[in-house]
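Let's take a walk through this protein together, from its overall layout down to a few individual residues. Keep the model open beside you as you read.

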Amino acid sequence: MASAALEILGLILCVFGTLLEMTACGLPTWKVTAFIEANIVVAQTIWDGLWMSCAVQSTGQMQCKIHDSMLALSHDLQAARALTVISSVLCVVGLMVVIAGAQCTNCIQTESVKARVVNVGGVIYIVGAVFVLVPLCWMANNIISDFYNPQVPAAQKREIGAALYIGWAATALLLLGGSMLCCSCPSSGSSGYSAKYAPTKRATSNGDYDKRNYV
C-alpha cells in the first residue's frame, strides 16, 4: 500500500512538472527588458522567448512576432528549443511507461516486471528534467553575463523572465517525482504471507472416510 501511494505521489509530481515545463517552453518571457536607467517610464517592454518575441506598449497593447528562421537565432535559443522539445517528449513517454507498470493497472501481470517498468519511467523523468535544466541554466548565465557586460548597450540588456522560474520549478518537480518512482519498487516480489492447504481426504474401500482425517 505504501509503495502504491509513493508511485501515485511521484506520478502526480511528474505530471505537474511536465505541464509546467510545457508552459515555460511556450511562454515568450524567457528574457525581459531590464529597467536600469533613471527614467522608469518607458514606451514598451520587450519579451524574448523560444518561439516568438513580443513588444508590450505602455498603453497595454501587445504585438508578437514568431521567429522567422531558426538559424538566425542565437546558439542558446537553438539549443533551448531542441532540448525542451526532447524533454517534453521524454516526459510523455515516461508517463505512458509509468502508467503501464503502475500497481493500480493491469497492463503487466508480473509484479517484479511492473516494479522495474516503474523504475524505468522514473529514470526517464529524471533524464527529461536534466534536458530542460541545461537550457535554463545556459540562458540564465548568458542573461547575467550580458547584464554586467559594460560593452552591451543598456537598451539590449535583459533580465531573467518568468518562464525561467517556471522551468526551474518544473525541473524540481520532475526530479523529485522521478526519484520517488525509482524508490517505489517493493523490496521483494513475494507477499508477506503464504496459504497452506490441507491434503485431500481419501475414502476407504467401504466408502467411508478414514478416521485419521478427523484427528
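What follows starts with the overall layout, moves on to the sheet, and then turns to the cores and a helix.

Please bear in mind that this is a predicted model. The protein contains four helices and five strands. Following the chain along its sequence, you meet them in the pattern α-β-β-β-β-α-α-β-α. Of the 215 residues in the protein, 34% are buried. Among contacts with a separation of 6 or more, 64% are between residues 24 or more positions apart.

Let's begin with the sheet. In what order do the five strands of the open sheet stand? Their order is 4-3-2-1-5, with antiparallel pairing. Strand 4 (62-66) and strand 5 are at the edges, and each has a single partner strand, so one side of each has no neighbour in the sheet. From one strand to the next, the twist averages 25°.

Now go through some of the pairings. Strand 2 (residues 44-48) and strand 3 (residues 52-57) run antiparallel and are joined by five bridges. Three residues lie between these two strands, which form a hairpin. To find your place in this pairing, look for Ile-46, which stands opposite Ala-55 in strand 3. On the way to strand 1, two bridges join strand 1 to strand 2, again in an antiparallel arrangement. Here Val-32 stands opposite Trp-47 in strand 2. Strand 1 also pairs with strand 5, in the antiparallel sense and over three bridges, and Lys-31 is found opposite Ile-160 in strand 5.

Two threonines make good stopping points in this part of the model. Thr-33 belongs to strand 1 (residues 31-33). Is Thr-33 buried or exposed? Its relative accessible area is 13%, and because buried means under 20%, Thr-33 counts as buried. Leaving out residues up to four places away in sequence, Thr-33 touches Thr-45, Ile-46, Lys-157 and Arg-158. A polar atom of the Thr-33 side chain also lies 2.6 Å from the backbone nitrogen of Ile-46. The other threonine, Thr-45, has its place in strand 2. With a relative accessible area of 19%, Thr-45 is buried too. Beyond residues up to four places away in sequence, Thr-45 touches Thr-33, Phe-35, Cys-54, Ala-55 and Val-56.

From the sheet we can turn to the nonpolar cores. In soluble globular proteins, nonpolar side chains tend to be buried together. The largest nonpolar core of this protein has 13 residues, and those touching the most other members are Trp-30, Leu-50, Leu-77, Ala-80, Leu-136, Met-139 and Leu-164. Helix 2, helix 3 and helix 4 are the elements that give two or more residues to this core. Which helix gives the largest share of this core? That is helix 3, with five residues. Leu-50 is a handy residue to select if you want to explore the surroundings. Neighbours within four places in sequence aside, Leu-50 is in contact with Cys-25, Trp-30, His-67, Leu-73, Leu-77, Ala-80, Arg-81, Thr-84 and Met-139.

There is also a second, separate core, made of nine residues, which include Val-98, Val-118, Tyr-125 and Ala-129. Val-98 lies in helix 2 and counts as buried, at 2% relative accessibility. Not counting residues up to four places away in sequence, Val-98 touches Leu-11, Val-118, Gly-121, Gly-122, Tyr-125 and Leu-181. Although 17 residues separate Val-98 from Ala-115 in sequence, their C-alpha atoms are 9.4 Å apart in space.

Our last stop is helix 4 (residues 162-183), which has 22 residues. From its first C-alpha to its last it reaches 32 Å, close to the 32 Å expected at 1.5 Å a residue. Which residues of helix 4 are buried? They are Ala-163, Leu-164, Gly-167, Ala-170, Thr-171, Leu-174, Gly-177, Gly-178, Met-180 and Leu-181. As you look at how they are spaced, it helps to recall the geometry of a helix. An α-helix has 3.6 residues a turn, so residues three or four places apart point the same way. The buried residues of helix 4 pack against helix 1 (2-26), helix 2 (75-101), helix 3 (111-147) and strand 5 (158-160). Two residues from this buried set have already appeared on our tour: Leu-164 in the largest nonpolar core, and Leu-181 in contact with Val-98.

Conventions. Residues are numbered from 1 along each chain as its sequence is written. This is a predicted model: local features need pLDDT of at least 70, side-chain atom pairs count only at pLDDT 80 or more; totals for chains, interfaces and linings use all residues. Side-chain values use heavy atoms; hydrogens and water are left out. The expected span of a helix is 1.5 Å times one less than its number of residues. Buried means under 20% relative accessible area, exposed over 50%, partly exposed in between (1.4 Å probe, protein chains only). Contact means heavy atoms within 4.5 Å. A polar contact is a pair of N or O atoms within 3.5 Å; within protein, one must be able to donate a hydrogen and the other to accept it, and residues adjacent in sequence count only if both atoms are side-chain atoms. Two strands pair if DSSP finds at least two bridges between them. Axes are lines fitted to C-alpha atoms, for helices over the stretch in contact, and angles run from 0 to 180 degrees between N-to-C directions. A nonpolar core is a set of buried Ala, Val, Leu, Ile, Met, Phe, Trp, Tyr and Cys residues joined through side-chain atoms within 4.5 Å.
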